[in-house]
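Student: I'd like a close look at a single part of this model: the strands and how they pair. Please walk me through it slowly, along with whatever sits around them.

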Amino acid sequence: MQVFEKNGHQVVYGDTLEYLRSMPDECVDLIFCDPPYNIGKNFNGRKEKWASDQDYLSWCYQWIELCIKKLKPTGTIYLMAATQNMPYIDIFIRPYVTILSRIIWYYDSSGVQARKYFGSLYEPILHCVKNPRKYTFNAESILIEAPTGATRKLIDYRKAVPTMYSSTKVPGNVWQIPRVRYRMPEYENHPTQKPIELLKRIIIASSNPGDLVLDPFSGTFTTSFVAQQNGRHSIGIDVEEEYIKIGLRRLDICKEYRGETLQRPCKSYEQQQPESIENLPLFNHDKGTSLHGYNS
Ligand SMILES: C[S@@+](CC[C@H](N)C(=O)[O-])C[C@H]1O[C@@H](n2cnc3c(N)ncnc32)[C@H](O)[C@@H]1O
């Protein structure tokens with residue numbers, strides 16, 4: 001296990017169970033868990049598939065218990081899981097925490113959809129707190145526009161002086177947020193990267209500046225990145241070295257890793273190409289005319 005740290009942000013290269021066991025209890029304000037779903041995804045060559053559903057769930061129960069131990073009495077934990085596994089996790093976690101919301105992260109798919117059944121367009125997220133009477137929820141900071149369907153502002157005539165209805169609201173439990181696509185600036189090379197927008201809502205709502213945010217399955221370290229952008233501290237853990245490099249780069253913890261310069265890989269459409277054939281110099285000393293050079 002290796003820990004890299006800078007300005008209150010830790011990138012941990014190692015197994016999450018091992019690191020969680022080494023942490024003091026009740027020290028974290030917010031935990032976001034996005035584990036492998038046991039659906040055969042390939043994480044940089046490491047295929048995630050347990051021998052049985054029971055084996056997978058037993059493993060989940062271990063890190064969930066540890067996460068809850070590490071959470072402060074006023075803390076919040078968000079948990080993601082595959083739709084088919086979420087009912088087990090929901091039932092397992094109930095004795096330990098209060099589930100405030102069962103969130104649906106809904107996204108439309110630009111890709112090919114199932115043709116013989118109804119394709120899946122959502123992932124469930126549990127929003128839980130240790131103490132339902134004392135927890136952080138910054139409702140005012142996450143307001144969204146409330147579509148009323150009306151072309152003009154609605155007026156509340158029940159008030160002594162008629163006033164306009166508020167046009168903003170706290171989001172409900174269905175969140176429509178696009179998945180991360182290759183052409184988005186935030187894209188990293190990871191099969192299940194979560195969007196900045198999703199983590200921003202979670203972190204702003206359920207933590208305050210200076211709080212500690214933990215992500216036990218960091219992947220591209222979106223959680224830590226958003227925590228850093230919003231003045232929180234962070235601990236992110238991943239077992240895969242390629243993803244540790246992404247974390248070190250995104251959090252600007254170091255510029256080099258084992259002699260390798262950490263740079264965002266160039267996307268295929270970013271390769272330098274002449275804008276148009278007219279912009280080429282007319283004569284290239286090595287290759288003859290520019291048209292000749294461009295085509296060769
Ligand atoms: C679903 S992905 C998380 C994606 C992440 N939320 C993001 O936005 O990029 C799960 C991650 O858990 C990591 N992982 C799997 N088993 C692990 C373990 N035992 N300890 C630490 N990380 C692990 C995988 O390498 C993978 O990057």
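Tutor: Happy to! Two strands are said to pair if DSSP finds at least two bridges between them. By that rule, E14 and E15 are partners: 4 bridges join them, and the two strands run parallel. One of the residue pairs to look for is Leu214 with its bridge partner Ile235 in E15. Please keep in mind that this is a predicted model.

Now step back to the whole sheet. It is an open sheet of 9 strands with mixed pairing, in the order E1-E2-E15-E14-E3-E6-E8-E7-E13. The edges are strand E1 (2-6) and strand E13 (174-176), each of which pairs on one side only. On average, neighbouring strands are turned by 15° against each other, ignoring direction. For the wider setting, the protein has 7 helices and 19 strands.

Let's move on from E14. This strand covers residues 212-215, and it also pairs with E3, in the parallel sense over 2 bridges. There, Leu30 stands opposite Val213. E3 (residues 28-33) pairs in turn with E6 (residues 71-80), again in the parallel sense, over 5 bridges. In that pairing Val28 stands opposite Leu71.

Which way do the side chains of E14 point? Start from the usual pattern: in a regular strand the side chains alternate between the two faces of the sheet. In E14, Leu212 and Leu214 point one way, while Val213 and Asp215 point the other way. Are these four residues buried or exposed? They are all buried, the charged Asp215 included.

Just before E3 is a residue that deserves a stop. Cys27 lies in the loop between helix H1 (16-22) and E3. Leaving out residues up to four places away in sequence, Cys27 touches Lys70, Lys72 and Leu212, and Leu212 belongs to E14. How is Cys27 classed for burial, and why? A residue needs 20 or more other C-beta atoms within 10 Å to be buried, and 12 or fewer to be exposed. Cys27 has 14 such neighbours, so it counts as partly exposed. Cys27 and Gly75 are 48 residues apart in sequence, yet their C-alpha atoms are 9.1 Å apart in space.

At the E13 end of the sheet, the strand directions are mixed. E7 and E8 run antiparallel and are joined by 8 bridges, and Ile104 has Pro124 in E8 as its bridge partner. E7 also meets E13, this time in parallel, through 3 bridges, with Tyr106 opposite Gln176. In the loop between strand E12 (168-169) and E13 you will find Val170. Setting aside neighbours within four places in sequence, Val170 is in contact with Ala139, Ile142 and Leu143. Val170 counts as partly exposed because it has 14 C-beta neighbours inside 10 Å.

Next come the helices that lie across these strands. Helix H3 (residues 86-93) lies across E6, strand E7 (98-106) and strand E8 (122-129), and runs at about 5° to E8. Helix H5 (residues 222-229) lies across strand E2 (9-13), E3, E14 and strand E15 (233-238), running at about 170° to E15. Those angles compare N-to-C directions on a scale from 0 to 180 degrees.

Helix H6 (residues 241-250) rounds off the picture, and its buried residues are Tyr243, Ile244, Ile246, Gly247, Leu248 and Arg250. Among the elements that cover them are E1, E2, H5 and E15, together with strand E16 (256-257). After H6 comes Asp252, whose phi is positive, near 55°.

How far can you trust the details? The protein averages a pLDDT of 90, and 90% of the residues score at least 70. Over residues 287-296, however, the pLDDT is below 50, although this stretch has 15 contacts in the model beyond near neighbours in sequence. Where pLDDT is low, the predicted coordinates should not be read in detail.

How values were computed
Residues numbered from 1 in each chain as written. Predicted model: local features only at pLDDT ≥ 70, side-chain atom pairs only at ≥ 80, totals over all residues. Contact = placed C-beta atoms within 7 Å. pLDDT = per-residue confidence, 0-100.
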